[in-house]
Amino acid sequence: ESTYQGNDIDYVKIVAENDESTSAGSKVQKNFNYRVVMVKGGVELDMRGRCSAGQKVLASLMIRMALAETFCLNCGILALDEPTSNLDQANVESLAESLRRVIEVRQKQSNFQIIIITHDEEFVKVIGRNSWTDEYYKVKKTPEHYSIIAKKSMRELK
C-alpha cells in the first residue's frame, strides 16, 4: 500500500485458493493455487491481463521483497535487477523509500547486503538522496569493448 503511487488501485495481494482432494487410501491432499489480485474500493480484480507493465514490475518486486522478508530473515543478500523498468518517477521514488525501510530494519544484521543493478541514473540519484550508501560502482565499456568498474561517490551525483 505504501509503495504504489498510482490512484487506480489501493493495494496488491496474493490470494491462495485451497483445493482439497482425496487420493487412494483416504488421505486428504491439499493443493493451493495462487493468484495476484489488485484491490480498489474493496473489489478484487485479477492482475493478469488487466494491469500496466509498471504495475506488473512493482507488484513483482513487492511480492519478492515480502517473501524475502518473511522467509529469508537470516539471508544476507537482496538483489534487484533493473527494478525501475516501466515505472514512472513517483513509483521510482516510492520504491527507493520502500528499500530504505528494508535497509533500516536490516541495518543491524551483520551479513546484510543489497545489490541493485540498474541503468537508471535517476534512481541512483534518488538512492543517493536517502543516504543509505556513500558509494556505488559504475560499469562501462572502453572503446576496445573491455569492461571497466569504477567506484563512485554518491556526492558526485548531487
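Helices and strands here are DSSP runs numbered from the N terminus, a strand having at least two residues. The model is predicted.

**Exercise 1.** State which strand holds F32, and decide whether F32 is buried, partly exposed or exposed.

Solution. Step 1: F32 lies in strand β2, which covers residues 28–40. Step 2: the relative accessible area of F32 is 43%. Step 3: buried means under 20% and exposed means over 50%, with partly exposed in between. Step 4: F32 is therefore partly exposed.

**Exercise 2.** Name the residues that make the nonpolar surface patch that includes F32, and give its area.

Solution. Step 1: a patch residue needs over 30% relative accessible area, and F32 has 43%. Step 2: F32 makes the patch together with I14 and Y34. Step 3: the area of this patch is about 340 Å².

**Exercise 3.** Compare the span of helix α1 with the expected value, and list the buried residues of α1.

Solution. Step 1: helix α1 runs over residues 53–71, which is 19 residues. Step 2: the expected span is 1.5 Å times one less than the number of residues, giving 27 Å for α1. Step 3: the end C-alpha atoms of α1 are 27 Å apart, so the two values agree. Step 4: the buried residues of α1 are G54, Q55, V57, L58, A59, L61, I63, M65 and A68.

**Exercise 4.** Describe the order of elements in the chain and its share of buried residues.

Solution. Step 1: the chain has 3 helices and 7 strands. Step 2: along the sequence they follow β-β-β-α-β-α-β-α-β-β. Step 3: of the 158 residues in the chain, 30% are buried.

Technical notes. Residues numbered from 1 in each chain as written. Predicted model: local features only at pLDDT ≥ 70, side-chain atom pairs only at ≥ 80, totals over all residues. Heavy atoms only, no water. Patch = residues over 30% accessible without salt bridge, like charges linked within 9 Å, V, L, I, M, F, W, Y side chains within 5 Å. Areas by Shrake-Rupley, 256 points an atom, 1.4 Å probe, with all protein chains shown as cover. Salt bridge = Lys/Arg side-chain N within 4 Å of Asp/Glu carboxyl O. Helix = DSSP H or I, 4+ residues; strand = E, 2+ residues; numbered from the N terminus. Buried < 20%, exposed > 50% of the residue type's maximum accessible area, 1.4 Å probe, protein only.
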